[in-house]
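Biologist: Could you walk me through this one while I have it open on my screen? I would like to start with a loop and then work outwards.

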Amino acid sequence: MTPSTKQTDNGHPQTTKPITLPQDGMSRLSQLLPFILLGKSTVWAWVRQGKFPEPIKLSDNVTVWRNSDIHAWLNNPNKLSRGQSMSHCKQIYQHLMTGKEINPMQALNLFGCFALSQRIHDLKHAHGVPVQTRLYHAQNGKKWSIYWLEPYYINQVKAGMIEPFCCVS
């Protein structure tokens, strides 16, 4: 894009560059709003519904989105590319249904999911999947959770006694 010129208060011309969303990197919601033309509450509702790319929670007070995910969504709002919270739920559920446990590092390595605890919350509260949790404490003070499904649940789903998570085909 080419720069535009506007006149400043002192009468001198000032060249400004148009504001664009960088292709790479990450942006906070306030930085995205001018480009996506949605309100904050709509963005969060759409994230929960799987209609908007999944954010990455960097800390308690910092949540960001990959700019590449936002560009992909802007080009095709009906198809999410990388930040697919619903597909992460499905992938995590399928992993748990094998009887394996999962922790945040595994979710990141296997599925590119930065927000395992959010996806577990979705599975538990939005879809009624009885995911079990165990919190571990390392000697260095770090904490992490491990998630799994009890064998009785897996067996009941496989036997057709319980409906599986709705997004599993």
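**From a loop to the rest of the chain**

Modeller: Leucine 37 lies in the loop between α1 and α2, and please keep in mind throughout that we are looking at a predicted model.

Biologist: Is leucine 37 buried or exposed?

Modeller: Leucine 37 counts as exposed, because its relative accessibility is 72% and the cut-off for that class is over 50%.

Biologist: And what is phi of leucine 37?

Modeller: Phi of leucine 37 is near 55°, which is a positive value in a residue other than glycine. As background, most residues other than glycine have a negative phi.

Biologist: At what angle do the axes of α1 and α2 cross, on either side of that loop?

Modeller: The axes of α1 and helix α2, which covers residues 40-49, cross at roughly 95° and come within 11 Å. That angle makes α1 roughly perpendicular to α2, since 65 to 115 degrees is the range for that description.

Biologist: Which residues make the contact?

Modeller: On the α1 side they are Leu29, Leu33 and Ile36, and on the α2 side they are Lys40, Val43 and Trp44. Sorted by class, the contact of α1 with α2 has five nonpolar residues, no polar ones and one charged.

Biologist: What about α1 and α3, how do their axes cross?

Modeller: Helix α1, residues 29-36, and helix α3, residues 67-75, have axes that cross at roughly 20° and come within 12 Å. The two helices are therefore roughly parallel, and α1 passes α3 in a right-handed crossing.

Biologist: Which side chains should I click on for that contact, and how do the residues divide by class?

Modeller: From α1 you would pick Leu32, Phe35 and Ile36, and from α3 you would pick Asn67, Ile70, Trp73 and Leu74. The residues of this contact divide into six nonpolar and one polar, with no charged residue. Ile36 of α1 takes part here and is also one of the residues that α1 brings to its contact with α2.

Biologist: Switching topic, where is threonine 63, and what is it in contact with?

Modeller: Threonine 63 sits in strand β5, residues 62-66, and counts as buried because its relative accessibility is 18%, where buried means under 20%. Leaving aside neighbours within four places in sequence, threonine 63 is in contact with Arg28, Leu29, Trp44, Pro55, Ile56 and Lys57. Leu29 and Trp44 also belong to the contact between α1 and α2.

Biologist: Let me zoom out, then: how many helices and strands does the protein chain have?

Modeller: There are seven helices and seven strands in the protein chain. Read from the N terminus, their order is β-β-β-α-α-β-β-α-α-α-α-β-β-α.

Biologist: How much of the chain is buried, and what is its accessible surface?

Modeller: The protein chain has 169 residues, of which 33% count as buried. Its accessible surface is about 10,800 Å², and carbon and sulfur atoms account for 52% of that. Among contacts with a separation of 6 or more, 48% are between residues 24 or more positions apart.

Biologist: Back to single residues, why does isoleucine 120 count as buried?

Modeller: Isoleucine 120 counts as buried because its relative accessibility is 2%. It is placed in helix α6, residues 116-126, and touches Ile92, Leu96, Val131 and Tyr147, not counting residues up to four places away in sequence. Valine 131 is 11 residues from isoleucine 120 in sequence, and their C-alpha atoms are 7.2 Å apart.

Biologist: And which residues are in contact with serine 145?

Modeller: Setting aside neighbours within four places in sequence, serine 145 is in contact with Ile102, Asn103, Pro104, Thr133, Arg134 and Leu135. Serine 145 belongs to strand β7, residues 143-148, and at 14% relative accessibility it counts as buried. Between serine 145 and proline 104, which are 41 residues apart along the chain, the C-alpha separation is 7.4 Å.

Biologist: Last one, where is tyrosine 136, and what does it touch?

Modeller: Tyrosine 136 is in strand β6, residues 132-137, and counts as partly exposed at 29% relative accessibility. Beyond residues up to four places away in sequence, tyrosine 136 touches Lys142, Lys143, Trp144 and Ile146. The C-alpha atoms of tyrosine 136 and isoleucine 146 are separated by 7.7 Å, with the two residues 10 apart along the chain.

Key
Residues numbered from 1 in each chain as written. Predicted model: local features only at pLDDT ≥ 70, side-chain atom pairs only at ≥ 80, totals over all residues. Heavy atoms only, no water. Axes fitted to C-alpha atoms, helices over the stretch in contact; angles between N-to-C directions. Helix = DSSP H or I, 4+ residues; strand = E, 2+ residues; numbered from the N terminus. Parallel < 35°, antiparallel > 145°, perpendicular 65-115°, else oblique. Left-handed = near helix turned anticlockwise from the far one by under 90°. Contact = heavy atoms within 4.5 Å. Nonpolar A, V, L, I, M, F, W, Y, C, P; charged D, E, K, R; others polar. Buried < 20%, exposed > 50% of the residue type's maximum accessible area, 1.4 Å probe, protein only. Areas by Shrake-Rupley, 256 points an atom, 1.4 Å probe, with all protein chains shown as cover.
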